[in-house]
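Please read the following walk through the structure with the coordinates open beside the text. The account goes from the overall fold to individual ring pairs, and then to single residues and backbone details.

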Amino acid sequence: MSEQTLTATTADAGDAGYRKALKSRHVNMIAIGGAIGTGLFLGAGGRLAQAGPALAIVYGVCGLFAFFVVRALGELILYRPSSGAFVSYAREFMGEKGAYVAGWMHFLNWSTTGIADITAIALYAHFWSFFSPIPQWVLALIALAVVLTLNMVSVKLFGEMEFWFAIIKVAALVLFMVIGIFLLVTQTPIDGVAGGPQLIADHGGIFPSGLLPMVLIVQGVVFAYASVELVGVAAGETENPEKIMPKAINSIMWRIMVFYVGSVVLLAMLLPWSSYTKDQSPFVTVLSHLGVPAADSVMNLVVLTAALSSLNSGLYSTGRILRSMATGGSAPKFTGVMNRNHVPYGGILLTAAVCVLGVGLNYLVPKEAFDIVLNFAAIGILATWAIIVLCHLLFVRKAKRDGLERPSFRLPFSPYTEIATLVFLAAVVVLMGFDETGRITLLALPAILVALVAGWFGVRKRIDMRAFDEEGM
């Protein structure tokens, strides 16, 4: 048995017991769903109003670095597929402390994102008068209960849910882009003005407010891509990951360019950038100006789907990540337990328990609940991405030192790509200091660090290094 094969078979005890039930179509749609969410359907309106057509450039640049992160993860996946994903790789290349930090920061991200998701679902449901009499916290609790129950059934059902959630999101975007292109080609006027590139030129050009607003929205745009790494967690339950993963990961880049950059360019050519607001989906803005009936209801259904998809993915990924950690001793033992359907329900229930605290937030401060939890999710995603890139750097160094054969599916221009990505992520942290919400996030950092250190001293005596067999390296 070769050195690399030995590593692959012994590196993570947490991979035992899973069913390889995810098929190619599931993984491809998980990859798409991770790249398309409420950051585009809702967030693009406010960012267009702030930075104008330059938003397309920001989406492109941030999308490129998001692709670097997932491409680095892709090479690690081909080296050794694992449901523990970056936690498993952190354990191998950074030690159990690295796995501990990676896992709990991922948990911080997705447990708080889950609170944001159930809050968003309740808010979107209130759009329809039928749900108006129901309190926001009750709707949030119902949404959590439904998605939690379905997530417990099987990984195949999770894959099916993500498949159809992604289909709805992609279909809505494609339909809008077809309508937008038709309007441009036929020169159909909106509010008496025909769209086209001249609409951008006549309203201040690409940078109507200068370069500063474009730079300041970078930190918000990064979080629009905050699910792309989930494809790595799915690898451990995928049939033939060596064939499926490269295709799914490579498709993320062109989908980002088409759906994010393409949509923003279309939006800027259909209406003046100043027509958009943060309070309304930019797609609804265009369709309502066209007089399309029920456009707001249809788009509300799409963003509701995006929030359900995010909640579904968060429960799925944290369950697998926590199980990997539990086998090493850095997470509670019950998070490593599987049910008879081979679903790690302990970790999923722990995430759901945090989300129940979010139901309490929706009861106490319904208007502020969304913004409060997003602050913590921001820290979690930046830490997760940085750890993925660091793991890849250490993997490349180990491959050179020990003569390991790297997969043919590689991150281009390594190590310069990793260094540039880490610098970019550090710059995002600095940019957060220029935003009121971002400053609150940074103020929370010391508390998170204290919690991590205290937690490590609480678990270090029961760390089981058998979860990662050093002899397999």
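Of the 473 residues of the protein, 58% count as buried, and it should be kept in mind throughout that this is a predicted model. The secondary structure consists of 20 helices and 2 strands. The C-alpha atoms occupy a box of roughly 70 × 50 × 40 Å along the principal axes. For a chain of 473 residues a compact globule would have a radius of gyration near 23 Å, and because the protein has 22 Å, the value agrees with that expectation. Among contacts between residues at least 6 apart in sequence, 81% join residues at least 24 apart. The accessible surface comes to about 18,900 Å², and 68% of that surface belongs to carbon and sulfur atoms.

Aromatic rings offer a way into the interior. With ring centres required to lie within 6.5 Å, the count comes to 16 aromatic pairs. In one of these pairs, the rings of phenylalanine 65 and phenylalanine 424 have centres 4.2 Å apart and planes at 10 degrees, and the pair is therefore stacked, given that planes under 30 degrees apart count as such. Phenylalanine 65 belongs to helix H5 (residues 55–79) and phenylalanine 424 to helix H19 (residues 416–432), so the pair ties together parts that are 359 residues apart in sequence. Both phenylalanine 65 and phenylalanine 424 are buried.

A second pair has another geometry: the ring centres of phenylalanine 176 and phenylalanine 283 are 4.7 Å apart and their planes stand at 85 degrees, so this pair is edge-to-face. This pair, too, links distant parts of the chain, with phenylalanine 176 in helix H9 (residues 155–185) and phenylalanine 283 in helix H15 (residues 282–290), 107 residues apart. Both phenylalanine 176 and phenylalanine 283 are buried, and ring pairs link Phe41, Phe176 and Phe283 into a cluster.

Rings also take part in arrangements with charged side chains. The charged end of arginine 25 sits over the ring of phenylalanine 163, at 4.7 Å from its centre, while arginine 71 lies over the face of phenylalanine 409, 4.0 Å from the ring centre.

Which residues does valine 70 touch, once its neighbours within four places in sequence are left aside? Valine 70, whose place is in helix H5, is in contact with Val228, Val231, Ile249 and Ile252. At 1% relative accessibility, valine 70 counts as buried. Its C-alpha atom is also 9.0 Å from that of valine 389, although the two residues are 319 apart in sequence.

Serine 313, which lies in helix H16 (residues 295–328), is buried as well, with a relative accessible area of 7%. Not counting residues up to four places away in sequence, serine 313 touches Phe158, Glu162 and Leu230. Cysteine 355 and cysteine 391 can be placed beside these two residues: cysteine 355 counts as buried at 0% relative accessibility, and cysteine 391 counts as buried at 1%. A search of the whole structure finds 0 disulfides.

The loops supply residues with greater individual variety of setting to examine. Alanine 294 lies in the loop between H15 and H16, and at 46% relative accessibility alanine 294 counts as partly exposed. The C-alpha atoms of alanine 294 and valine 284 are separated by 9.4 Å, with their positions 10 residues apart along the chain.

Backbone geometry is the last topic. Most residues other than glycine have a negative phi, and most peptide bonds are trans. Against that background, histidine 342 has a positive phi of about 65 degrees although it is not a glycine. Histidine 342 is found in the loop between H16 and helix H17 (345–364), where the residue is partly exposed, with a relative accessible area of 25%.

Phenylalanine 413 likewise has a positive phi, of about 60 degrees, although it is not a glycine. Is phenylalanine 413 buried or exposed? Phenylalanine 413, in the loop between H18 and H19, is exposed, with a relative accessible area of 70%. In the loop between helix H18 (369–402) and H19 lies proline 415, and the peptide bond from serine 414 to proline 415 is cis, with omega near 5 degrees.

Key
Residues numbered from 1 in each chain as written. Predicted model: local features only at pLDDT ≥ 70, side-chain atom pairs only at ≥ 80, totals over all residues. Heavy atoms only, no water. Phe/Tyr/Trp six-rings, centres within 6.5 Å; stacked < 30°, edge-to-face > 60°. Helix = DSSP H or I, 4+ residues; strand = E, 2+ residues; numbered from the N terminus. Buried < 20%, exposed > 50% of the residue type's maximum accessible area, 1.4 Å probe, protein only. Lys NZ or Arg CZ within 6 Å of the ring centre and 35° of its normal. Rg over C-alpha atoms; globule rule 2.2 N^0.38 Å. Contact = heavy atoms within 4.5 Å. Areas by Shrake-Rupley, 256 points an atom, 1.4 Å probe, with all protein chains shown as cover. Disulfide = S-S within 2.5 Å.
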